[in-house]
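Biologist: Let us go through this structure by question and answer. Please keep the reasoning short and plain.

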Amino acid sequence: GADGDDSLYPIAVLIDELRNEDVQLRLNSIKKLSTIALALGVERTRTELLPFLTDTIYDEDEVLLALAEQLGNFTMLVGGPEYVHCLLPPLESLATVEETVVRDKAVESLRKISQEHSPVDLEVHFEPLVKRLASGDWFTSRTSACGLFSVCYPRVSSTVKAEIRQHFRTLCSDDTPMVRRAAASKLGEFAKVLELDYVKSDIISLFTALASDEQDSVRLLAVEACVSIASLLPQEDLETLVMPTLRQAAEDKSWRVRYMVADKFSELQKAVGPEITKNDLVPAFQNLLKDCEAEVRSAAAKKVKEFCENLPEDSRETIIMTHILSCVKELVSDTSQHVKSALASVIMGLSTILGKDNTVEHLLPLFLAQLKDECPEVRLNIISNLDCVNEVIGIRQLSQSLLPAIVELAEDAKWRVRLAIIEYMPLLAGQLGVEFFDEKLNTLCMAWLIDHVYAIREAATCNLMKLVEKFGAEWAQNTIVPKVLGMANDPNYLHRMTTLFCINSLSEACGQDITTKHMLPVVLKMSNDQVANVRFNVAKSLQKIGPVLDSSALQTEVKPVLEKLATDTDMDVKYFAQEAIRVLALA
């Protein structure tokens, strides 16, 4: 019974399982390692289990991944911090395997247990491991070393610190791009634990070298490090030490590097401070907004609002009006819909920064253009951010400028455009408030109920339900219900059916009182309709609103009508009436 009691799990069985042909079995036994270690006790875990695991590291990647993860939580199982160094040999082997995911997990576990080493153990056991990895023959071990420098640096003696800095320098100029990439990705993290003098003497030269590496994948990682390095240096050193490299990155020949600059722009802006932002970052940002690659323009467009918010207050408006706005205007009619959509998601935020007059004069025309964009995402991004413009310019101004555009879309000849606007209606209603809605948009919502496209009528019905959920049953009773019920006498049977569909979706939101008093009589009256389609929909409606009604109404009013419909001449009417009687348990 190997699967019976875990605690009596002898190491022999484990060894058998770890040598089993079946990967899943091996994986399961690795996942049970902590149980096995507990059963063996700390002494045998150190002397038998760990050596065995260190020797058998030739396995499928998923098994190794599970092992690397387990070992990170093994400190107590080997006897606590004073024995934690026993976990280093298996993790060292795992940090050199070919599969990146396994190496990364091993490095993560090593970083975790480095915290549990005493300073002495760190120098005696951990630091030599980092050195071995850093000078390993295979690039895999050298990439792993890059992630371990920063965790041991703060806690070792100054001679060892010097060695670590030397190793890091060497790896930054390694022959293998993968190693330089790993070093570049850890540059910012390593800079944070270094003393300021060494940041200036060592890190800056490495940063400059990596930022002009022949591989763009290395250069773009140096941009990420730039944020950390800039935030460590005093203001007066930034101009000479960091800015030349950053300027170069913003104009890099590879779009990926420029994309990275655009993506990290707000963080860079905070790190370099207001003066450099004015002189350097503003022109750089303009160029990124006009970049020839859509991906770069898109990343920069996403940052427009944040960039403008973080500009120094005394010159914010001037910078935006003279430098940024012209670029933004161009992006509104960009060839790429991703760029337009990225811009639309933030552009409304500029109104709060620029104030009422500028918004009305400069931004409203842009919002209008975007509301009419053929790309639905652009329109949605504008409509879903209307509330911040509303706060700045007020509802009247908004209604004079933007509403005609919304109404125009609502009556568009293409039904898919109409459909898109209906879907935004509840959102708009919530942002504009009930009085405004009743005055301007209510008639639209009603007009859609008699649209000649069924998909529009269906969406309009669903829209009414959402509006009632927003504005409440009393509002429904005064403004919506009378109009819906009025359609019950429409000569067109499709419109009469729409009444029934609306009642189906409104009954629950409106509640028992309104449904019983106002809606039910209309449904019951329609049971005498000449059109069979209307009659069988009456049966379906009664089944739908039944649960909302009280039992006396069901027995005295609904039941007789359904019984009459159950003897109808039309097959379908009969069927749906009998179905309703069954579901409502009226038989």
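Biologist: Is F307 buried or exposed?

Modeller: The model is a predicted one. A residue counts as buried when its relative accessible area is under 20%. F307 has a relative accessibility of 0%, so F307 is buried.

Biologist: Which residue forms an edge-to-face aromatic pair with F307?

Modeller: The two ring centres are 5.5 Å apart, with 65 degrees between the planes. F307 is in helix α19 and the other ring is in helix α17, 42 residues apart. That other ring is at 1% relative accessibility, so it also counts as buried. The partner of F307 is F265.

Biologist: Which residues do ring pairs link into a cluster with F265?

Modeller: The whole structure holds nine aromatic pairs. Ring pairs join F265 to two other residues in a cluster. Those residues are F285 and F307.

Biologist: What kind of aromatic pair do W255 and Y259 form?

Modeller: W255 and Y259 are four residues apart in helix α16, and so are separated by about one helical turn. Their ring centres lie 6.4 Å apart and their planes stand at 80 degrees. An angle over 60 degrees counts as edge-to-face. The pair is therefore edge-to-face.

Biologist: Which helix gives the most residues to the largest nonpolar core?

Modeller: This core has 214 residues, and I229, I347 and L562 have the most contacts inside it. One helix, spanning residues 265–289, gives 11 residues to the core. That helix is α17.

Biologist: How far apart are the end C-alpha atoms of helix α34?

Modeller: Helix α34 has 15 residues, and at 1.5 Å a residue they should span 21 Å. The helix also bends by about 40 degrees at V558, and P560 follows within four residues. The distance between the end C-alpha atoms agrees with the expected span: 20 Å.

Biologist: Which helices do the buried residues of α34 pack against?

Modeller: The buried residues of α34 include A553, L554 and V558. V561, L562 and L565 are also among them. They pack against α32, α33 and α35.

Biologist: Which residue caps the N-terminal end of α6?

Modeller: Helix α6 covers residues 100–114 and reaches 21 Å from its first C-alpha to its last. A side-chain oxygen of the capping residue lies 3.2 Å from the backbone nitrogen of V101. The capping residue is E99.

Notes. Residues are numbered from 1 along each chain as its sequence is written. This is a predicted model: local features need pLDDT of at least 70, side-chain atom pairs count only at pLDDT 80 or more; totals for chains, interfaces and linings use all residues. Side-chain values use heavy atoms; hydrogens and water are left out. A nonpolar core is a set of buried Ala, Val, Leu, Ile, Met, Phe, Trp, Tyr and Cys residues joined through side-chain atoms within 4.5 Å. Buried means under 20% relative accessible area, exposed over 50%, partly exposed in between (1.4 Å probe, protein chains only). Helices (H or I, at least four residues) and strands (E, at least two) are DSSP runs, numbered from the N terminus. The expected span of a helix is 1.5 Å times one less than its number of residues. The bend at a residue is the angle between axes fitted to the seven residues ending there and the seven starting there. Contact means heavy atoms within 4.5 Å. A polar contact is a pair of N or O atoms within 3.5 Å; within protein, one must be able to donate a hydrogen and the other to accept it, and residues adjacent in sequence count only if both atoms are side-chain atoms. Rings of Phe, Tyr and Trp (its six-membered ring) pair if their centres lie within 6.5 Å; planes under 30 degrees apart count as stacked, over 60 as edge-to-face and the rest as tilted.
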